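Work through the exercises below with the model open. Each task is followed by a stepwise solution.

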Amino acid sequence: MAPQLPPLDLHAHINPKIRPADLERLGAVVFGATRSLDEYEFVRSRHDQVTVWGVGCHPGVAQAQRNFDADRFVSLLTSTAFVSEIGLDRRSKAPLDEQERIFASILSALQGTPRIASIHSAGVAGRVLDALEGTSIKGAVLHWWRGDEAQTKRAIELGCWFSLNAAGMKYPSDVARIPLERIFTETDHPSGDRTSTAPRQPGAVADVEQALAGIYGIDVQTIRGQVWTNLVSLVDETGVSDLVPTAVQRIIAFARTNAASQ
């Protein structure tokens with residue numbers, strides 16, 4: 001039997017104390033979004049085979065925002081291919097002007113050190129795009145995107161990518177505005193997959209793949225192949241191949257070969 005590409009989850013929140021074996025049993029490649037610099041410090045020495053841990057400062061977590069330190073972030077950035085979760089959140093208890101200051105600091109760091117960057121924009125899609133236009137970066141992935149038609153067009157023009165979860169599949173006409181070549185699957189476990197069928201766990205993106213297949217009029221296998229082809233492009237764009245686990249590097253190499261043969 002020919003080897004198959006595993007599910008790809010570009011944004012999930014994972015208990016940092018989980019055993020590596022439990023993550024491997026998920027049967028998926030998962031990008032783990034941390035909510036604070038402290039949480040990333042806890043996981044940075046792990047050697048998971050198929051999980052990519054990201055350094056984050058969630059705009060919706062006031063404590064993470066209060067404790068953010070720009071120099072510390074820059075130092076941690078050297079140890080990961082992934083930055084998540086960052087951005088802005090209108091509902092947060094952290095003042096929006098303070099969120100914007102921190103987000104600007106992170107974007108400035110990413111200009112000099114590109115990374116795959118998963119960006120939160122709840123209620124402030126326009127302000128996030130303003131920030132990205134003012135400080136352009138490579139590898140910007142708009143996670144759980146809910147911008148309007150004009151904002152989506154603007155994001156595409158800015159070179160953004162998009163990661164979509166089960167909750168976002170309730171708006172197929174909005175999803176259809178995004179080129180499939182810019183899309184990733186995610187769960188945003190345990191929030192974005194609340195409407196998913198069992199099992200609700202990181203890496204369980206089958207329902208998202210099925211919904212995307214319906215929207216774009218192609219089969220699920222093609223959706224998964226395209227998502228991995230998109231990751232190949234994103235990794236090349238940011239130059240982070242050497243920073244992901246060796247097993248994930250091998251899957252990316254297989255996806256690259258698979259795409260070239262199509």
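## Exercise 1: the enclosed space

Task: find the volume of the largest cavity and the residues that line it.

Solution. The largest cavity holds about 90 Å³ of space. A cavity is a set of points on a 1 Å grid over the protein atoms alone where a 1.4 Å probe fits but cannot get out, and lining residues have an atom within 4 Å of a point. Points are joined across faces, edges and corners; the volume is the space filled by probe spheres set on them. The model is predicted: local features need pLDDT of at least 70, side-chain atom pairs count only at pLDDT 80 or more, and totals for chains, interfaces and linings use all residues. Residues are numbered from 1 along each chain as its sequence is written, and side-chain values use heavy atoms, leaving out hydrogens and water.

Next, the lining. Among its residues are Trp-145, Arg-146, Leu-164, Tyr-171, Asp-174 and Ile-178.

## Exercise 2: the open space

Task: characterise the largest pocket by volume and lining.

Solution. Start with volume: about 450 Å³. A pocket is an open set with protein on both sides within 12 Å along at least five of seven lines. Then list the lining: of 22 residues, Asp-89, Arg-91, His-120, Ala-122 and Trp-144 are closest to the centre.

## Exercise 3: a residue's contacts

Task: which residues does Leu-142 touch, beyond those up to four places away in sequence?

Solution. Apply the contact cut-off, heavy atoms within 4.5 Å. Leu-142 then touches Ile-119, Val-128, Leu-129, Leu-132, Ala-155, Cys-160, Trp-161, Phe-162 and Ser-163.
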